[in-house]
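Hi everyone, thanks for making time this morning. I'd like to walk you through one structure, so let's put it up on the screen.

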Amino acid sequence: MKILVCISKTPDTTSKIAFKDNNTRFEETGVQWIINPYDEWYSLVRALELKEKDPATVIHLITVGAADTEPIIRKALALGGDEAIRVNTDSSDSYYIAAQIAAVANAGGYDLIFTGKETIDYNGSCIGAILSEIVHAPYISLATHFELNGTLASITREIEGGEEVDTVSLPLVISAQKGMAEQRIPNMRGIMAARTKPLKVVEPVAVEQLTSIVSFELPPAKAGVKLVASDNVAELVRLLHEEAKAF
């Protein structure tokens with residue numbers, strides 16, 4: 001079996017967010033970059049668990065990005081996987097990114113494609129769905145549990161108010177979230193091995209980008225806390241009504 005795991009570079013959640021060029025570009029200076037947690041903790045680790053059950057399984061990692069994404073995909077290789085592929089282009093357009101991954105997936109003949117449910121920077125949650133349409137494979141989203149028996153997969157996913165269990169035959173595209181696997185930390189052997197694992201760079205296919213970012217905007221600054229004396233009920237009611245708009 002061949003598995004393709006999609007890897008994204010995202011800012012650490014502790015990074016200070018700012019924009020430049022009239023709020024049209026993300027300010028990357030001083031930002032700590034990490035592997036998107038949904039890709040790392042759930043998609044990649046579940047793929048590794050499948051390989052541990054069947055050592056004949058081949059795992060490839062893929063990212064769409066410029067050369068500055070290579071340290072991130074090397075970190076992912078330290079966790080596991082046989083080789084990585086970087087599509088040499090940078091874009092925020094979901095369709096364009098999915099089309100680049102699909103071109104590699106179609107050429108590689110993968111049985112299973114894992115994505116995280118979303119990236120923690122754009123929160124688009126749409127790469128998997130677009131990708132599945134392009135590669136003509138079923139898509140299961142928001143998966144919390146995945147089991148494979150031969151070529152038949154059983155997937156548990158979240159739905160409104162509960163859970164749903166689906167069965168589907170490979171090939172398959174699946175987006176993973178919390179519950180799919182447990183976070184792992186790369187060991188020294190994995191870190192050393194990642195330095196020599198193949199990282200192939202491919203040029204992007206010609207695809208039209210359908211969207212572009214016009215501008216970014218930070219949320220309004222939080223107002224200071226107002227303290228109200230415990231015996232001043234009238235003022236508390238006024239604040240809740242006029243400022244908090246609670247009723």
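**A sheet and two helices**

Let me start with one pair of residues: Leu61 has Ala84, in β7, as its bridge partner. Please keep in mind as we go that this is a predicted model. That pair belongs to strands β6, residues 58–64, and β7, residues 83–87, which run parallel and share five bridges.

Now zoom out to the sheet they sit in. It is an open sheet of nine strands with mixed pairing, and the order reads β11-β10-β9-β12-β8-β1-β6-β7-β13. The edges are β11 (162–169) and β13 (199–202); each has a single partner strand, so one side of each is left without a neighbour in the sheet. From one strand to the next, the twist averages 30°.

Next, what packs on this sheet? Helix α3 does, touching β1 (2–6), β6, β7, β8 (112–116) and β13, and its direction makes about 155° with that of β6. Helix α4 packs there too: its contacts are with β1, β8, β9 (139–149) and β12 (172–176), and its direction makes about 175° with that of β12.

How do the two helices meet? Helix α3, residues 94–108, and helix α4, residues 127–135, pack at an angle of about 45°, and their axes are 9 Å apart. That angle makes α3 oblique to α4. The crossing of α3 past α4 is right-handed. On the α3 side, the contact residues are Ser94, Tyr95, Ile97, Ala98, Ala99, Ile101, Ala102, Ala105 and Asn106. On the α4 side, they are Ile127, Ile130, Leu131, Ile134 and Val135. By type, this contact has twelve nonpolar residues, two polar and no charged.

Let me finish with β12. Is this strand enclosed or open? Five of the five residues of β12 are buried, so the strand is largely enclosed by the rest of the structure. In a regular strand, side chains alternate between the two faces of the sheet. Here, Leu172, Ile174 and Ala176 point one way from β12, while Val173 and Ser175 point the other way, and all are buried.

As for the partners of β12, five bridges join it to β8, and the two strands run parallel. In that neighbourhood, Thr115 stands opposite Ser175 of β12. Strand β9 also runs parallel to β12, joined by three bridges, and Ile140 has Ile174 in β12 as its bridge partner.

That's my tour; I'm happy to take questions.

Methods
Residues are numbered from 1 along each chain as its sequence is written. This is a predicted model: local features need pLDDT of at least 70, side-chain atom pairs count only at pLDDT 80 or more; totals for chains, interfaces and linings use all residues. Side-chain values use heavy atoms; hydrogens and water are left out. Axes are lines fitted to C-alpha atoms, for helices over the stretch in contact, and angles run from 0 to 180 degrees between N-to-C directions. Helices (H or I, at least four residues) and strands (E, at least two) are DSSP runs, numbered from the N terminus. Angles under 35 degrees count as roughly parallel, over 145 as roughly antiparallel, 65 to 115 as roughly perpendicular and the rest as oblique. A crossing is left-handed if the near helix is turned anticlockwise from the far one by less than a right angle, and right-handed if clockwise. Contact means heavy atoms within 4.5 Å. Ala, Val, Leu, Ile, Met, Phe, Trp, Tyr, Cys and Pro count as nonpolar, Asp, Glu, Lys and Arg as charged, and the others, Gly among them, as polar. Two strands pair if DSSP finds at least two bridges between them. Buried means under 20% relative accessible area, exposed over 50%, partly exposed in between (1.4 Å probe, protein chains only).
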